[in-house]
Structures are given as structure tokens and as C-alpha cells.
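Here's a quick briefing on how the parts of this structure pack against one another. Have a look at it first, then go through the notes below.

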Amino acid sequence: MKQYIDFYNSQRSTIEANSATILNKLRKEALDVVSSSQLPKIGGENYEITDLNSIFSPDYGINAKRIDMPVDAALAFRCDVPNMSTWLYFLFNDTFHAGKASGIQLPEGVIIDSLNKVANEQPKLVEKFYGKTATIKNPQVALNTLLAQDGIFIYIPDNTILERPIQLVNILNSQVPLMVNRRLLIAVGDNVQAKLLICDHTQNTSLNYLNNQVIEVSVGRNSTFDLYDLEESSNRTSRVSSLFASQDEGSNLLINSITLLNGITRNDFAIEVNGTNCETHLNGMAIANEQQHIDNHTFISHNTSRCTSNELFKYILDNEAKGAFTGRILVKQGADKIEAYQSNKNLIASDKAKMHTKPQLEIYNDDVKCSHGATIGQLDQNALFYMRTRGISEKEASMLLMQAFMNDIINSVRMDALSDRLKHLVEKRLSGELTLCGDCGAKCPKQ
Amino acid sequence: MLDIKNLHANIDGKEILKGINLVVRPGEVHAIMGPNGSGKSTLSSVLAGNPAFTVTAGTVDFYGKDLLALSPEDRSHEGVFLSFQYPVEIPGVSMVNFMRAAINEKRKYFNEDPLSATEFLKLMREKRAIVELDNKLASRSVNEGFSGGEKKRNEIFQMAVLEPRLSILDETDSGLDIDALRIVAGGVNKLKTENNATIVITHYQRLLDYIKPDFVHVLYKGKIVKTGGPELALELEEKGYDWIKQEEDAR
């Protein structure tokens, strides 16, 4: 961490001069945490396979001066979902760009803009949410807070229904190895219905990148919010993503985290269910081969009564890929009539792939229904043979079985166009055809 | 078409088939009967190429090709079909995708273009009629939640679609009530031509009332110990297998 502290101390005036006061305000506390703590060691309770020290130790460039990078070509990159029109935005590294005007205006009062810009223009509004759901205790979150300069701010006021999804395309692209500290701040009011699709991509893939991002989501009363987070980066991209969400009474939150192509990924999810009668759906899918690494660490805290949570994560690991899943569910004292279900199922397609899975249920209450299950297995040999006797090649039969394995995750997507798209992407991924430029209909810049 | 010579096969080091000899010609129906554990299902698995079994000796010639050298999928393309005693449920894989993959892979093997959607649906409709298979099942996952009768009808439906040269029906009658049995057997008979052949593996004579065999073989302890005409099946029905066991064990 020392390199980051040194960097901050030497660049402090540059960083602060280029950031809004609200963002600067939290840096002192962040510096205290970063200075007084160490990154957790591999092998510890919550980091059994992920080595944050080796992720954070390389010397990356940080664009503290906010130098404009040429973005035109990069922004031509589109992550089209057929039959789905969206309100489209980009984070180019951590710099916000609006997509081409879609023709349809956002409903009144909705703000989707650069975090830094809104923090300058409407500091009171941003201050209400910035750093409020995220805890700064984790060194990686503190580090993000110490260095964050921009990102996206999404504000959806009470009683708003967004008729089409918001799409945020995140692109990593640089001429030198780059570290990005993105900040995604999402404030959903009461009685809102909205969906957000985030697509993470990497360009110029011969370079190493580190994306240390923090996502904060607050969901108001009786609102329904979907967040789909799709990573298709590169095998030299490290992603450390810390998502914090809070739910008020009667809200319905769906998070679906999909890792299709990556290098090293550590996703943390911490969901505080603060209101009664909430529904929480936390799903995830990961497909990894070669030496890819995917670690999803989830925490759902049931703080009040009469709430339901459903958690389902599925992995397919091939070659020497490594996966980990932790599912911690806390039912606090007094939070009765909770139903919490958790399942993690994994397919291992080679002798060298490894999966670590760990359910952790802490229940301080009698009146609850909780279940958890974890399986690690191979493809059903009987089904494979059956299909082969019908003339379906072993490869094709395996593909069909793997796709079928991911069906329930894909079906949990509450947007038909996106679930069709995912089906297609999963098929491409499993057949080895998914590459960065492969199918997005995009003209990527020459690499 | 099929010439099995001195076939030996193991599973987990245990020898199940101990020298099978069998010749099947186009247009023939062979019944293979025998007591439990005699190796009937093993024979069908080995012919279909189940990797769980190891062939230790012998040859199987199918239209001049070394069948044992082919993968299960290529055996299927060459015209070998196995109707499973216990058809496998495949959750999440729809019947439609399953059949489309099966048909198009076979067409690819013979350098033909994939079927168009219209042609495919037309073919499905025609073939479903042969075994009175409900259209609703087509949208479900393969065999998932099918009744015993539906599973067996689904097997014969697949057979109708793939038009094999050699069909091996492994205990197709097990778990069927009399109506389902009639439909399944009726389907098999409709598909019968002078160019294809059928091996019916069964424990009971009952199925042979519907599918008339030309030859009846008795398998015991991994060998064919007796071969006769349809009358042998009736004799077995009447006297059971004990007399054959005694004859053989006395040798």
C-alpha cells in the first residue's frame, strides 16, 4: 500500500484540484485507513484464493491529472443488445461520457451524469449518498475513496418509472498499464422501477489493468431495481469490485453478476436489507478457463423482519481456472419471518480447475426459513452418452449440457432481450468464439 | 450387415461378455432373451459404444466397417440406434434443440446442409404421429418429467427421425402398460423395412407377441447358449430359464 500512500502524498494537490469537494472530503479518513491497515493476506478467512497483495503491487499509472485520452474510437464501441434500446452512457476508464442521444428524454428529475460534475454542481445532493452505503473499513474501498476522482452518478427521484434500461459501458483503454478507481453512485428513490445494465470491457488488451471500483446502491421504499453487471474484459485485467447496497421497506432488488471473460476478478457484494417486506435476488454466473480467476464474496444482512432473499451462483471452470464463492447470510436478532435461500453449483471440466465454496449462515433467530446448498461436479456422463448415441458429438453435447446448466441464471434476468442475448453470449463463450471484438457489432480501435 | 465375432467385454475389470457370436442380415428381427445378469444390456451398450465398457477381444463388423473403432456419434451416423432401457433425463436441454442437433450433425456427417426450420418442424410432426407423441412434450426438456410410457415412445420417436439401419431395443417393454406397449410396438413395426434390422432385447416373451422375431437367442453368462425360431420364446415363457441354466451349468 505504501506506493499508493506515497503517490497520494505527492499528487495530493493535483488530485484535489481536479475533484469536487465532496470527493475530497472523505480522503483524510481514507488515508487513515490505508495507512493503518494492510491488504488482507491470501489464505485468510475471506480471501482463501485471492491475493490482493499481488493484485495491487504492480506499478500502474494513475491518471490523476485527468488528461483527456482520445476517446472517439473507443466510444464507437457499442455493446448492442438486439431488440433492446437503452439510455446509453460510458465510463472511459473513469471518465464519464454520454452516449449518442437516444431521442427519448429521461423523465424529469432523473440525473445520469459524471459523478464529479454533479458533485460540483449539486454538492448537497451527492453528499447525501456518497460514501454512505459503502464502508471504508476495507483497504480496497479506502484506497478507492482515497484516489477516486470520477465515475457515474445515477439519481432516480421518487415515483419514476424508467421505461427502458440504463446501459453503462465501462471501457478500460490506455497506452500504459493503468489503475482505475471508478466510483458508481446509484440513488434510487421511493416507488421507482428501473433497470441498469453494466458492461465491463477492456481494449488494448496487451496491457495490464487494475480496476478497483466501488458501487454504491441505495434503493428506496417499494422500488424495484435490477442491476446486471456483465464482465467481458481481458485476461490481463484485474477487477476488484466492491458493491454495497441498501434496501428500504418493500423494495425489490435483483443483482445479477456475470463473468464471461476476465483475468482476475474479485467481486464483493454487501447488501443491507434495512426495511421490512423486501425481496433480494442475488445471482451470478461465471465461466472461466485457462488461468482465469473468479472470486465472488457475498454478504446479505437481514436487519428487519418479513424479508426474502434468494441467492444462486453457478460456475463452469475449465483448464486451470480457479473459482471461489462465499455466501454469508446474517439474520439479526429480532429479524423474524425471514426466508433466505442460497445455492452454489459448479461444473468442473478439467482435472486442474479448482473451486472453493463456502456457505456461511449466521442466524440469531428462531422464526426463519433458511437453506443453503453447494455442489461441485462434472458433466453427467449418462446424459453425454445418451446424446452421443443420437449422433450429437461429444463437444456439442457438452456444450448443450453446459448451456443447460446456466439456464436458471439466464432465466432469472428480468429483461427478455437481455436473457436472449446472454444465451447467445454463453453459447459463444462455451464454444470459444467469444473475443473482445467478436460479436458486439463494434469496430474496436486497432490494437 | 452386422457380424459379431467372439466379443468379450469388461466393466471395472469384471468380464460380462465372454464370446458373443451373432450375425444379423437386413430385414431380420432378432430377439435376445436371457435371465437377469446374463449380459443383455451390456451387449447393447457395447454395440452403441458406451465408454464405461472395455472390449477385450473380438470384432464387430457393420457394413464392412469396424464398428468398435467408431465413436458413439459416428455409430449413430452409420445407422446404429439404441433405445435405452432407462432413457436419460436432461434438464435444461429442450427436445427441439436436442433433435435439431441430432439431425443436423447426421446431415453434416453426410455433407448435407442443415434442415431449414420449416423442414425440421414438418419432419417432427410426421414422426411424432408414428408413436402418438404429444406435441407438448416437444417444448419440454429431454425426458424430464416424462412418464415411463412417454419416455419409451420418445425413444421410438427418435428412432423414427434418425432412420437407423440397425435398431437395438433394450427392454423397451419394461415399465409399459399394455396400451403403451401396443403403441410402442406398433411404431417399431411401422418403421420396419426389408433394408433395416432390429435386435429386441427382452426378459419376457410378451413384447414378442407384438414384434415378431425371426430368430430368438438365449444369452446366459455372457454367451449365446441357444438359438431358435419364435417357438423358443414360447418355450421359455412356459418353462422359464432354469432348464437352460441347468443344461449350461452341467457342461
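Let's start at the chain interface: A:R390 and B:E155 make a salt bridge, with their closest N and O atoms 2.7 Å apart. Keep in mind that this is a predicted model. The notes run from that interface to the two domains of chain A, and then to a helix pair in each chain.

**Chain A against chain B**

- The salt bridge of A:R390 with B:E155 belongs to an interface where the rule finds two salt bridges.
- On the chain A side 17 residues are in contact, and they meet 30 residues of chain B.
- Together, chain A and chain B bury about 1900 Å², and carbon and sulfur atoms account for 65% of it.
- Which three residues supply 43% of the area that chain A buries against chain B? They are A:F385, A:Y386 and A:R390, and no other three residues supply more.
- So A:R390 turns up twice here, because it is one of those three residues and also the partner of B:E155, with a closest N to O distance of 2.7 Å, within the 4 Å that a salt bridge allows.

**The two domains of chain A**

- The domain assignment splits chain A into domain 1, made of 2-275 + 413-445, and domain 2, covering 282-378.
- Taken over C-alpha atoms, the centres of domain 1 and domain 2 of chain A are 22 Å apart.
- Domain 1 of chain A puts 31 residues into the contact, and domain 2 of chain A also puts in 31 residues.
- About 2700 Å² is buried between these two domains of chain A, with 46% coming from carbon and sulfur atoms.
- A:I49, A:F269 and A:V273 give 23% of what domain 1 of chain A buries against domain 2 of chain A, more than any other three residues.
- The count of salt bridges between the two domains of chain A is three.
- A:E48 and A:K358 also meet through their side chains in a salt bridge, at 3.1 Å from N to O.

**A helix pair in chain A**

- Helix α1 (residues 2-17) and helix α3 (residues 27-36) of chain A have axes that come within 12 Å and cross at roughly 170 degrees.
- That angle is over 145 degrees, so α1(A) is roughly antiparallel to α3(A).
- From α1(A) the contact uses A:I5, A:Y8, A:N9, A:I15 and A:E16, while α3(A) brings A:R27, A:L31, A:V34 and A:S35.
- By class, the residues of this contact are five nonpolar, two polar and two charged.

**A helix pair in chain B**

- In chain B, the axes of helix α3 (residues 95-109) and helix α4 (residues 117-130) come within 11 Å, crossing at roughly 105 degrees.
- α3(B) and α4(B) are therefore roughly perpendicular to each other.
- B:V96, B:M99, B:R100 and B:I103 of α3(B) touch B:F120, B:L123 and B:M124 of α4(B).
- This contact of α3(B) with α4(B) has six nonpolar residues, one charged and no polar.

Technical notes:
Residues numbered from 1 in each chain as written. Chains lettered and ligands numbered in written order. Predicted model: local features only at pLDDT ≥ 70, side-chain atom pairs only at ≥ 80, totals over all residues. Heavy atoms only, no water. Axes fitted to C-alpha atoms, helices over the stretch in contact; angles between N-to-C directions. Helix = DSSP H or I, 4+ residues; strand = E, 2+ residues; numbered from the N terminus. Parallel < 35°, antiparallel > 145°, perpendicular 65-115°, else oblique. Contact = heavy atoms within 4.5 Å. Nonpolar A, V, L, I, M, F, W, Y, C, P; charged D, E, K, R; others polar. Domains from an automatic or database assignment. Buried area = accessible area lost by both parts, 1.4 Å probe.
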